[in-house]
Amino acid sequence: MFNGLEGGLEEVLRRIMETASLNDLQEVKARYLGKQGLVTSLMKNIKEIPPEKRKEYGREVNELKNSIEEAIDNRKNELEELGRLAREGAERPDFTVPGKRRDIGSYHLITQVMEEVQDIWVSMGFEVTTGPEIETSYYNFEALNTPEWHPARDMHDTFYTCDGQLLRTHTSPVQIRVMESRKPPLAIFSPGTCYRKDTPDTTHLPMFHQFEVLLVDRGTSVSHLKGTLNHFAKRLFGADRRIRLRPSFFPFTEPSFEVDVSCGICGGQGCRSCRGSGWLEILGAGMVHPNVFRNVGYDPEIWSGFALGTGLERIAMLKYDLEDIRDLLRNDRRFLKGYRRAII
Ligand code: DAH
């Protein structure tokens with residue numbers, strides 16, 4: 001046994017294992033392997049050993065040194081690993097930190113208005129139907145009593161496909177498609193996208209949206225149309241609003257009307273918003289023309305009905321006081337957020 005190594009190698013290894021930190025370990029290492037350390041002084045002692053035993057002595061000291069170095073290395077790895085685990089434990093997520101805000105989408109104002117309008121008609125018993133956006137001239141015009149020479153076509157210039165079809169200029173062709181495929185009576189509501197060769201300005205877009213309403217039954221009269229419209233306008237704009245019918249012309253209705261709602265700002269007195277008239281135009285309507293019934297094989301002596309249609313953008317602008325229809329397409333998030341309704 002070497003001097004100063006009373007407990008033997010086991011004792012040294014135990015002390016190494018008991019170190020609790022890398023600092024502790026460093027101290028133990030200095031004590032045994034440092035310049036003033038035990039192993040170093042044992043090496044120096046070799047001079048005092050009788051020459052014939054020096055070789056044996058040197059080998060034993062070296063073995064001792066290697067064992068201690070290995071134990072220290074192992075313990076160092078262990079301590080480092082323990083430290084790493086402790087740090088990770090301390091880095092557990094803190095659930096009290098405020099979360100990152102995520103932008104959520106919302107329905108476009110036109111979609112919102114469309115759903116609002118649709119709810120009103122559906123609640124009155126009208127059924128939702130749709131038709132194609134690429135139409136034939138027949139459904140868009142002729143079947144609606146608008147022959148090619150008719151001046152009413154001027155306002156409905158549109159885009160044509162190479163095979164002679166066109167992008168529908170209004171939702172009215174859905175009337176024809178539904179009547180062709182069904183027997184009366186019927187009551188439909190039909191929303192959708194429409195197109196016209198218009199230059200965008202504050203009130204026009206070449207692509208816009210309309211909804212169409214058609215009711216066919218026996219004994220339908222203008223009073224049915226008026227009563228239904230009155231209900232619709234009050235539901236959409238408010239119970240204090242009134243409507244009025246002005247005589248107008250559409251090829252597919254007779255008589256035809258332009259329908260106004262009383263101005264919500266001045267209550268009908270006349271103000272800047274309604275350009276002094278007290279009224280705002282909201283839609284076109286009328287009693288279905290007998291020729292339209294004939295075109296779909298309905299007998300106009302038996303069946304009568306009313307129809308109406310208008311632009312959803314126009315309704316949105318009136319309801320939400322918008323100044324420029326183009327704002328609906330600019331994708332300015334400040335505008336869109338102003339009319340945001342949460343998606344449920
Ligand atoms: N289709 C017409 C347009 O786009 C609007 C319209 C007027 C539809 C009268 C109707 C109606 O159903 O009866 O200008």
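## Exercises on a predicted model

Met17 lies in helix α1; helices (H or I, at least four residues) and strands (E, at least two) are DSSP runs, numbered from the N terminus. This is a predicted model, in which local features need pLDDT of at least 70 and side-chain atom pairs count only at pLDDT 80 or more, while totals for chains, interfaces and linings use all residues. Residues are numbered from 1 along each chain as its sequence is written, and side-chain values use heavy atoms, with hydrogens and water left out.

### Exercise 1: Met17 and Thr19

Place Met17 and Thr19, and classify each as buried, partly exposed or exposed.

Step 1. Start with Met17. Its relative accessible area is 46%. Buried means under 20% relative accessible area, exposed over 50%, partly exposed in between (1.4 Å probe, protein chains only). Met17 is therefore partly exposed.

Step 2. List the partners of Met17. Leaving aside neighbours within four places in sequence, Met17 is in contact (heavy atoms within 4.5 Å) with Arg75 and Glu78.

Step 3. Turn to Thr19. This residue sits in the loop between α1 (8-18) and α2 (22-33). Thr19 is buried, because its relative accessible area is 4%.

Step 4. List the partners of Thr19. With neighbours within four places in sequence set aside, they are Asp24, Leu25, Val28, Arg75 and Leu79.

Step 5. Add a distance. From Met17 to Gly286 the C-alpha to C-alpha separation is 98 Å, over 269 residues in sequence.

### Exercise 2: Asp260

Find the strand that holds Asp260, then describe its side-chain polar contacts with Arg244 and Arg246.

Step 1. Asp260 belongs to strand β7 (residues 253-262).

Step 2. Asp260 counts as buried, because its relative accessibility is 2%.

Step 3. Check the side chains. A polar contact is a pair of N or O atoms within 3.5 Å; within protein, one must be able to donate a hydrogen and the other to accept it, and residues adjacent in sequence count only if both atoms are side-chain atoms. The Asp260 side chain makes one of 2.8 Å with that of Arg244. Another, of 2.8 Å, joins the side chains of Asp260 and Arg246.

Step 4. Widen the view. Beyond four places in sequence, the contacts of Asp260 include Arg242, Ile243, Trp279, Leu280, Glu281 and Ile282.

### Exercise 3: The cysteines

Why is Cys263 not bonded to Cys266?

Step 1. A disulfide is a covalent bond between the sulfur atoms of two cysteines. The test is a pair of cysteine sulfur atoms within 2.5 Å.

Step 2. The closest cysteine sulfur to that of Cys263 is in Cys266, 3.6 Å away, so the pair is too far apart for a bond.

Step 3. Cys266 is in no disulfide, and its nearest cysteine sulfur, that of Cys274, is 3.6 Å away.

Step 4. Searching the whole structure gives 0 disulfides.

Step 5. Add burial. Cys263 is buried at 1% relative accessible area. Cys266 is buried at 15%.

### Exercise 4: The ligand shell

Which residues are closest to the ligand, and how much of the ligand does the protein bury?

Step 1. The ligand is surrounded by 16 residues (a heavy atom within 4 Å); the closest are His170, Ser172, Arg196, Gln210 and Glu212.

Step 2. A polar side-chain atom of Ser172 is 2.9 Å from a ligand nitrogen atom. A side-chain N or O atom of Gln210 is 2.9 Å from an oxygen atom of the ligand. Leu308 places a backbone N or O atom 3.3 Å from a ligand oxygen atom.

Step 3. Taken alone, the ligand exposes 350 Å², and the protein buries 92% of that (Shrake-Rupley method, 1.4 Å probe).

Step 4. β5 (207-217), β8 (279-288) and β9 (304-311) are the elements giving two or more residues to the shell.
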